[in-house]
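Open the model in your viewer and keep the selection panel at hand. The stops below go chain by chain, with the contacts between chains along the way.

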Amino acid sequence: MTPMTTRAALLAFCLFLPFQSFGGAALPTAPEVPRDALQEGAELFVNECQTCHGLSFVRFGQLAELGFSEKEIAEKLLAGAPGEFMRVAAKRDDQKRWFGVAPPDLSLTVRAHASSEGSGADWLYAYLRSFRRDDASPTGWNNDVFTKVAMPHVLWRMQDATNPEEGAADALSPEDYDRRVATLVGFLAWAGDPHAALRKRVGIGVVAFLLVFSALAYALKREYWRDITGDRRQETGGR
Amino acid sequence: MNLKTMRAGKYRSNGGFFGDCIEWLDARLPLSAFWRKHFSEYLVPKNLNFWYFFGSIALVVLLMQIVTGIFLAMSYQPDATPNADGIPVAFASVEYIMRDVNWGWLIRTTHSTGASAFFFVVYLHIFRCMLYGSYRKPRELLWIVGVVIFYALMAEAFTGYVLPWGQMSFWAAQVITDLASAFPFFGTALADWVRGDFSVGGATLGRFFALHVVALPLALILLVVLHLVALREVGSNNPDGFEAQKRVNVEGTLLDGVSFHPYYTVKEVFALSVFLLVFFSLVFFAPEGGGYFLETENFLPADPLKTPEYIKPLWYFTPFYSMLRAMTRPLLGVDAKLLGVLAMNGAVGVLVFLPWLDRAPVRSIRHRGPVFKVMLSLFVASFLTLGFLGAKPPEYVLWGAIPGAPIARAATFFYYFYFLAMPWWSKIDLCAQETQAA
Amino acid sequence: MNSTAGDLKTEGETARETDCKTDTRRRRLVAAVALVGGSGITAAAFPLLSSLAPSARARLAAAPVEVDLGDLSPGHLKIVEWRARPVWILKRTPEMLACLAEVADRVLDPESKQAQQPKNCANATRSIRPNLLVVLGVCTHFGCSPVPRFTRGAGEGMPAEWPGGFVCRCHGASFDFAGRAFKNTLAVKNLEVPPHRYLSETRLVIGDGAESTT
């Protein structure tokens with residue numbers, strides 16, 4: 001291999017490697033959710049999840065990034081001032097006493113569950129769709145993705161079409177349920193990394209700039225190293 | 001401002017304001033002398049290839065880590081106590097940086113990716129020394145200072161990794177500080193002394209913060225300056241291995257050398273721009289690096305009561321971690337735990353002796369025989385294998401059939417064999433004559 | 001080097017020309033790299049310097065504060081905290097209001113021409129309601145918090161001509177019952193009136209004004 005090929009191979013390796021996921025993709029990919037659909041996920045979170053789970057690194061006011069107006073935040077979502085964090089009302093010690101384990105804060109749950117089997121969003125999407133009834137467990141529910149989970153199936157009314165109490169009218173079709181869960185997962189993915197969109201936009205600019213600068217720097221290097229390599233072709237107009 | 005006029009004696013301005021300022025400064029500081037000695041008249045072999053970039057890139061990465069680190073230290077709080085939401089203050093302060101501080105996410109990801117980049121660059125830098133014999137006489141001290149820098153860098157990376165106080169931070173601190181307890185008699189007391197407590201906690205976090213932000217950066221800067229001073233004293237090696245200084249013409253000018261400025265300044269600017277291109281592609285598009293730059297487990301706050309399923313260090317420590325775990329049986333009266341600690345530390349320590357272990361008559365791989373090429377390839381293979389296995393759980397089985405533990409032991413054995421048997425195999429190698437080819 | 005037939009230039013001249021061309025090319029390239037590189041470094045400094053500015057947490061912590069004035073009697077001062085600074089709410093008595101006209105020629109800016117208050121407070125009493133002064137208790141000299149000296153005349157360590165108001169103990173600046181700075185003291189601006197509005201007879205919101213200069 002010539003030196004140039006080695007260098008090109010090393011460079012390609014560096015650029016290629018971090019984007020690979022090693023190991024088999026055992027989890028189905030969570031569907032992409034457009035930005036405006038995340039509002040649905042936010043509402044779902046506040047209504048269904050926030051009784052137990054906090055989102056203590058996200059402020060109510062930040063939800064405006066998803067397209068909510070200040071009025072909408074106050075009416076549909078607010079449990080505090082816009083500058084306040086979306087904390088859970090109960091104290092952690094109390095929750096520990098009641099449930100045996102305090103429900104974890106969900107601000108980083110998507111980032112904390114990435115693995116070689118799929119991204120954190122994939123994990124969460126699979127988790128929320130894998131609850132099944134289990135009479136042996138204290139809550140009556142178990143989960144295929146997270147065995148012996150202490151959390152009951154909070155969204156059971158939306159999913160279970162055969163529940164005797166609420167009747168089938170409340171339940172959604174499997175596709176609708178999947179779609180709603182996808183918006184919730186998308187919202188939590190946003191909550192885990194709110195600057196992701198900005199990061200990618202700025203990144204394109206920075207990489208473009210560095211490509212231009214590298215080209216210029218290479219031209220400069222070639223120009224000076226002509227003294228050493230004795231290459232005088234450019235001066236006579238030949239190339 | 002025409003820098004060419006600096007060549008003879010002190011700088012003389014040609015009338016402009018800027019030139020007058022430089023002349024004023026030069027009369028009071030050895031500016032033009034420094035410029036001539038280290039840049040415009042410092043001769044470097046002209047055949048340096050791309051393996052020679054990594055030293056200066058490492059210097060740039062060090063500066064980048066210091067600058068980003070300063071800004072991180074403004075908002076980070078080294079406090080392990082839980083806040084009102086039950087999350088440790090240190091962990092919450094890192095999330096504060098990531099979310100609320102203007103551009104904090106960029107500063108933090110530059111710093112975390114920078115740590116991985118630092119090791120990537122340093123490993124390649126060390127590999128270049130092994131390829132071309134840059135550790136041999138008269139560069140032994142330069143090499144030893146480099147090994148000490150490597151030690152300091154590992155300590156800096158380790159203390160830095162503990163600071164976010166995530167699950168991996170905490171448990172890595174627990175495992176590594178517990179290594180001290182491997183020593184007989186005083187082991188437990190030593191471990192308590194290192195931690196500042198009977199188990200990793202707020203005291204440990206506080207001292208790691210002081211070490212990471214003040215003590216180790218100062219040490220690194222001083223060592224790097226020493227490293228550069230030692231380099232300038234003996235001059236650069238080159239891929240052909242022969243001592244460039246030896247070939248001079250009648251006027252005493254290095255025949256195979258070019259002045260550092262402008263030839264190598266221009267080349268290094270290009271190398272730096274390519275490096276930054278790769279680096280910032282990662283920072284902006286893959287900051288977690290698939291779990292290799294920011295481990296997923298570390299997004300959970302530290303929980304002293306719950307050990308993660310797999311405790312593993314970041315990728316750059318995995319070869320040494322593998323050696324630590326590979327020693328499962330006692331040997332010569334030394335128990336397995338202490339053996340692991342010694343193997344891990346000795347792996348870096350043995351590097352110090354390399355200039356004296358290598359007995360080949362030539363420096364560079366270009367003139368070495370097949371024994372060296374085979375041994376070096378096997379060395380690289382075993383180092384990479386150790387790294388791969390270090391990232392897996394100890395009971396890992398390769399392709400469902402071959403258990404990883406004996407392979408790790410074999411690779412550790414070969415790592416030591418490469419060095420300790422070098423006086424023998426480097427001598428029996430069939431080397432070419434050291435030619436003076438350009 | 002090529003020499004075309006009929007070329008009258010000597011080799012030396014051609015060499016000088018080539019050197020000139022090389023020099024120009026090099027100068028241009030160095031300038032281009034320096035310019036692009038310099039702009040890159042400047043752009044890189046921007047996020048670092050920006051991170052020093054108040055973070056989202058600081059900006060959001062500056063939320064409005066609601067105050068209940070039911071227990072405030074005339075002649076008394078209530079102090080609340082807003083944006084980590086003291087805000088004074090003074091229920092002025094008729095005597096205090098009369099005093100304002102009296103000292104108009106002894107204060108630097110009697111008509112509040114300087115932009116130290118929202119538009120709806122740029123009046124003789126520097127307030128929305130004449131009997132309630134809402135002002136930041138921060139001296140406009142170097143930021144100490146002045147103390148009340150409401151008694152007219154030589155009591156509480158004040159000189160005989162003292163009409164009543166606030167005095168800053170750090171460097172001696174003094175302000176009247178509308179927060180206007182007296183002449184010949186180190187303070188050159190009136191005390192700042194924060195944006196505020198009344199929700200009812202007894203409820204006041206500081207930091208949220210219908211019309212504000214900030």
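Helices and strands here are DSSP runs, of at least four residues for a helix and at least two for a strand, numbered from the N terminus. The model is a predicted one.

**Chain A**

Select chain A and colour it by secondary structure. Nine helices and four strands make up its secondary structure. Reading from the N terminus, the order of elements is α-α-β-α-β-α-α-α-β-β-α-α-α. Of the 239 residues in chain A, 29% are buried. Among contacts in chain A with a separation of 6 or more, 63% are between residues 24 or more positions apart.

Next, select residues 92-99 of chain A, which form helix H4. How many of its eight residues are buried? The count is zero, and H4 of chain A is hardly covered. Step on to A:Gly100, which comes just after H4(A) and has a positive phi of about 90°.

**Where chain B touches chain A**

Show chains A and B together. Their contact draws 33 residues from chain B and 41 residues from chain A. On the chain B side, pick out helix H4 (89-99) and helix H10 (260-285), the elements of chain B that give two or more residues to the side touching chain A. Which of them gives the largest share of that side? H10(B) does, with 16 residues. Colour the chain B side by residue class, and 20 nonpolar, eight polar and five charged residues appear.

**Where chain A touches chain C**

Now hide chain B and bring in chain C. This contact takes 14 residues from chain A and 17 residues from chain C. Select helix H9, residues 196-229 of chain A: with eight residues, H9 gives the most to the side of chain A that touches chain C. By class, that side of chain A has eight nonpolar, three polar and three charged residues.

**A helix pair in chain B**

Return to chain B and select helix H11 (residues 318-326) and helix H14 (residues 370-390). Their axes come within 7 Å and cross at roughly 75°. An angle of 65 to 115 degrees counts as roughly perpendicular, and H11(B) and H14(B) are therefore roughly perpendicular to each other. To see the contact, show the side chains of B:Thr318, B:Pro319, B:Tyr321, B:Ser322 and B:Met323 on H11(B). Opposite them, on H14(B), show B:Phe383, B:Leu386, B:Gly387, B:Leu389 and B:Gly390. The contact of H11(B) with H14(B) has six nonpolar and four polar residues, and no charged residues.

**Chain C: two domains**

Display chain C alone and colour residues 1-53 as domain 1 and residues 58-206 as domain 2, following the division of the chain. How far apart are the C-alpha centres of the two domains of chain C? They lie 64 Å apart.

**Chain C: the sheet S2-S3-S4**

Select the three strands S2, S3 and S4 of chain C, which form an open sheet in the order S2-S3-S4 with antiparallel pairing. Strand S2 (77-82) and strand S4 (132-136) are at the edges with a single partner strand each, so one side of each has no neighbour in the sheet. On average, neighbouring strands of this sheet are turned by 20° against each other, direction ignored.

Take the pairings in turn. S2(C) and strand S3 (residues 85-91) of chain C run antiparallel and are joined by six bridges. These two strands form a hairpin with two residues between them, and C:Arg83 in the turn has a positive phi of about 55°. C:Leu77 has C:Leu90 in S3(C) as its bridge partner. From C:Leu90, go on to S4(C), where its bridge partner is C:Leu133. S3(C) and S4(C) also run antiparallel, joined by five bridges.

**Chain C: the sheet S5-S6-S7**

Finish with the other open sheet of three strands in chain C, which has the order S5-S6-S7 and antiparallel pairing. Select the edge strands, S5 (147-149) and S7 (174-175), each of which pairs on one side only. Then add strand S6 (residues 165-167), which is joined to S5(C) by three bridges and runs antiparallel to S5(C). To locate one of these pairs, centre on C:Arg149: its bridge partner in S6(C) is C:Gly165.

How values were computed
Residues numbered from 1 in each chain as written. Chains lettered and ligands numbered in written order. Predicted model: local features only at pLDDT ≥ 70, side-chain atom pairs only at ≥ 80, totals over all residues. Buried ≥ 20, exposed ≤ 12 C-beta atoms within 10 Å, placed from the backbone. Pairing = 2+ DSSP bridges. Axes fitted to C-alpha atoms, helices over the stretch in contact; angles between N-to-C directions. Contact = placed C-beta atoms within 7 Å. Nonpolar A, V, L, I, M, F, W, Y, C, P; charged D, E, K, R; others polar. Domains from an automatic or database assignment. Parallel < 35°, antiparallel > 145°, perpendicular 65-115°, else oblique.
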